Structure formats: structure tokens, C-alpha cells
Amino acid sequence: MVLDNTHVPLYIQLSDLFRQRIQKGVWKTGSKLPSLEELVSEFQVARVTVRQAVDRLTHEGLLSPQRGRGTFVTGAPTDNRWLHVETTLDKLADIYRHTRPELLNIDESTRTPLISDSDGVPAEKYTFMRRVHKRDGQPYCVINIYLDSAIFAKHPVRFRKETVIPILTSMPSVEIVTAHQVLTISTADLEVAKHLGINVNAPVAEVRRVFTGPNRRVIYLAEVTYRGDSVRMEIDLKP
């Protein structure tokens with residue numbers, strides 16, 4: 001396997017691969033890693049790159065090099081895939097209602113989203129908000145929100161300080177007729193990587209959500225980019 005050294009240092013890529021093997025149980029707790037020579041041969045990297053990768057995971061408490069014996073797995077990465085991509089509006093609203101993320105607003109303006117005929121009919125004006133959601137101080141998503149300005153005007157302070165979906169679903173004056181989302185697996189660009197604290201080209205999940213009201217009016221459109229290591233999706237398959 002040849003690693004890509006164009007963006008991320010090789011030892012970081014290698015340590016990420018090692019971490020995945022531990023996470024998936026390929027290398028179980030208490031087991032011994034392949035020898036230095038075997039790892040050098042498998043990944044076609046220098047000996048120092050393997051040592052740097054091992055050192056990185058040693059500092060995380062996942063590996064323990066032992067002189068004369070080899071390197072052993074001593075721990076397992078924390079499972080941070082706490083965010084479930086829900087398939088119903090009620091469950092989606094509950095996630096935002098109960099997690100109460102920290103919000104970092106990084107942009108607000110009047111801006112029109114790109115709306116296709118299949119999405120619905122555009123509102124007269126949209127309030128645009130770009131923000132970062134954090135959990136326990138750790139950023140987990142960047143979100144672009146386009147909210148019908150007539151709706152935003154009813155609770156501007158709340159919409160700026162709270163997550164939008166629980167507010168929308170609790171407003172008697174707002175009728176959500178359809179709610180649709182599409183999830184795409186992608187990679188982080190430079191800006192997203194900076195906001196989420198991940199490497200450029202790291203895997204991310206991109207979600208596009210569209211809510212419509214009466215007469216197919218698009219009242220809410222969101223473009224969300226989640227860290228790939230925080231998302232989990234379960235789907236019940238129909239027999």
C-alpha cells in the first residue's frame with residue numbers, strides 16, 4: 001500500500017490506519033503488532049515513519065512498545081460516533097433538542113440558496129446563517145442555513161442562539177408539509193477542515209435538507225458537513 005504524501009504527513013496517515021485497525025478489532029487489545037520490517041514492507045514507508053506513527057498512538061494510550069518484545073495494543077479508541085443520521089423529522093428535532101450543541105456563528109446575511117424545481121418554490125427572501133456546532137468543545141459540523149426571512153423575523157434572537165429545527169417544529173404558525181434530506185460521503189476542503197479540526201481530504205458526511213410549507217414553498221434549506229468520525233447511520237431494510 002502506497003500512502004499519499006501530497007497533503008498530510010505520512011506518519012499521521014499511517015497512525016490513522018493503525019487506529020482504524022485497532023478500532024475494528026483487526027489488532028485486538030493485548031495482541032502484538034507486526035514487526036517493524038513487516039510494517040515497512042506493507043506500507044512502503046521508511047522505518048522512521050512507522051516509529052513516528054507508533055509514537056503518536058503510544059501517546060494516545062493505544063500502543064505500548066516494549067524493548068525486546070515488540071509493540072502491543074493496550075487500549076481502544078473512544079467510539080465518538082454518537083450522532084445518528086435520523087430518517088424522521090421528529091427524531092431529527094429530538095437530536096438537536098437534547099444535545100444542545102455550542103453554536104459558533106461565523107456568518108449572517110441575506111442570501112438566496114440554489115433551489116431546484118424538485119425542491120420546491122423559493123420564498124421571497126432568505127436569512128443565511130453559517131455556523132459551527134460543537135459538543136464538549138469539539139466541533140462536529142459546519143452548517144449553512146437558509147431560513148425563510150418571514151419566519152426568521154418572528155424569533156430572530158432564538159434563531160441566532162439556538163438550533164433551528166426544534167424551533168421550527170414547535171412554532172404553531174409554521175406548517176412543515178415535506179422534509180427531505182440527502183446524505184453524500186465526501187472529503188473535507190481546506191475551509192471545512194479548519195473549522196472541524198480535521199485533515200484536508202479527511203472523510204466527511206454532507207447532508208442537504210429541505211423543508212417545504214404550503215404551496216411547496218421552501219422555508220428551510222440546510223447544507224451540513226459532519227466530521228466522518230462522528231456520524232453513524234442505521235437503516236431498516238424492507239423485506
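Q: Angles of 65 to 115 degrees between helix axes count as roughly perpendicular. At what angle do the axes of H2 and H3 cross in this model?

A: A reminder before we start: the model is predicted. As for the general idea, two packed helices are described by the angle between their axes and the distance between the axes. Here, the axes of H2 and H3 cross at roughly 110° and come within 9 Å of each other. H2 and H3 are therefore roughly perpendicular to each other.

Q: Which residues of H2 and H3 meet?

A: From H2 come Leu36, Glu37, Leu39 and Val40, and these meet Arg47, Val50 and Arg51 of H3.

Q: And how do I read H1 against H2: what are the crossing angle and the distance between their axes?

A: Read the pair in just that way. The axes of H1 and H2 cross at roughly 110° and come within 13 Å, so these two helices are roughly perpendicular to each other. Leu14, Leu17, Phe18 and Arg21 of H1 meet Leu39, Glu42 and Phe43 of H2.

Q: Which residues of H2 are buried?

A: A useful general idea is that nonpolar side chains tend to be buried together in soluble globular proteins. In H2, which spans residues 36–43, the buried residues are Leu39, Val40 and Phe43. They lie on the same side of H2, because the arc they cover around the axis is only 100°. Helix H1 (10–23) and helix H3 (47–59) are included in what covers them.

Q: What does Arg19 touch, leaving out residues up to four places away in sequence?

A: Arg19 lies in helix H1. With those sequence neighbours left out, Arg19 touches Arg56, Leu57, Glu60, Leu62 and Pro77. There is also a polar contact of 2.7 Å between the side chains of Arg19 and Asp16.

Q: How should I look at phi in the residue that follows H2?

A: Start from the usual case: most residues other than glycine have a negative phi. Gln44, which follows H2, is not a glycine, yet its phi is positive, near 55°. Gln44 sits in the loop between H2 and H3. With a relative accessible area of 55%, Gln44 is exposed.

Q: What is the phi of Arg216, and where does Arg216 lie?

A: Arg216 is not a glycine either, and its phi is positive, about 60°. The loop between S9 and S10 holds Arg216, and a relative accessible area of 43% makes this residue partly exposed.

Q: How many residues does the largest nonpolar core have?

A: That core has 27 residues, and those with the most contacts inside it are Leu147, Ile151, Phe159, Val164, Leu168, Tyr220 and Tyr226. At least two residues of this core come from each of helix H4 (89–99), strand S7 (138–148), helix H5 (149–152), helix H7 (164–170), strand S9 (203–212) and strand S10 (217–227). Another core, of 16 residues, lies apart from it; among its members are Phe18, Val45, Val50 and Leu57.

Q: What does Val164 touch, not counting residues up to four places away in sequence?

A: Val164 touches Met129, Arg131, Ile145, Leu147, Phe159 and Tyr220.

Q: Is Ala150 in helix H5 buried, partly exposed or exposed?

A: Here the cut-offs help: buried means under 20% relative accessible area and exposed means over 50%, with partly exposed in between. At 48%, Ala150 counts as partly exposed. Its C-alpha atom is separated by 22 Å from that of Val224, which is 74 residues apart from Ala150 along the chain.

Conventions:
Residues are numbered from 1 along each chain as its sequence is written. This is a predicted model: local features need pLDDT of at least 70, side-chain atom pairs count only at pLDDT 80 or more; totals for chains, interfaces and linings use all residues. Side-chain values use heavy atoms; hydrogens and water are left out. Buried means under 20% relative accessible area, exposed over 50%, partly exposed in between (1.4 Å probe, protein chains only). Helices (H or I, at least four residues) and strands (E, at least two) are DSSP runs, numbered from the N terminus. The arc is that of the directions from the helix axis to the C-beta atoms. Contact means heavy atoms within 4.5 Å. A polar contact is a pair of N or O atoms within 3.5 Å; within protein, one must be able to donate a hydrogen and the other to accept it, and residues adjacent in sequence count only if both atoms are side-chain atoms. A nonpolar core is a set of buried Ala, Val, Leu, Ile, Met, Phe, Trp, Tyr and Cys residues joined through side-chain atoms within 4.5 Å. Axes are lines fitted to C-alpha atoms, for helices over the stretch in contact, and angles run from 0 to 180 degrees between N-to-C directions. Angles under 35 degrees count as roughly parallel, over 145 as roughly antiparallel, 65 to 115 as roughly perpendicular and the rest as oblique.
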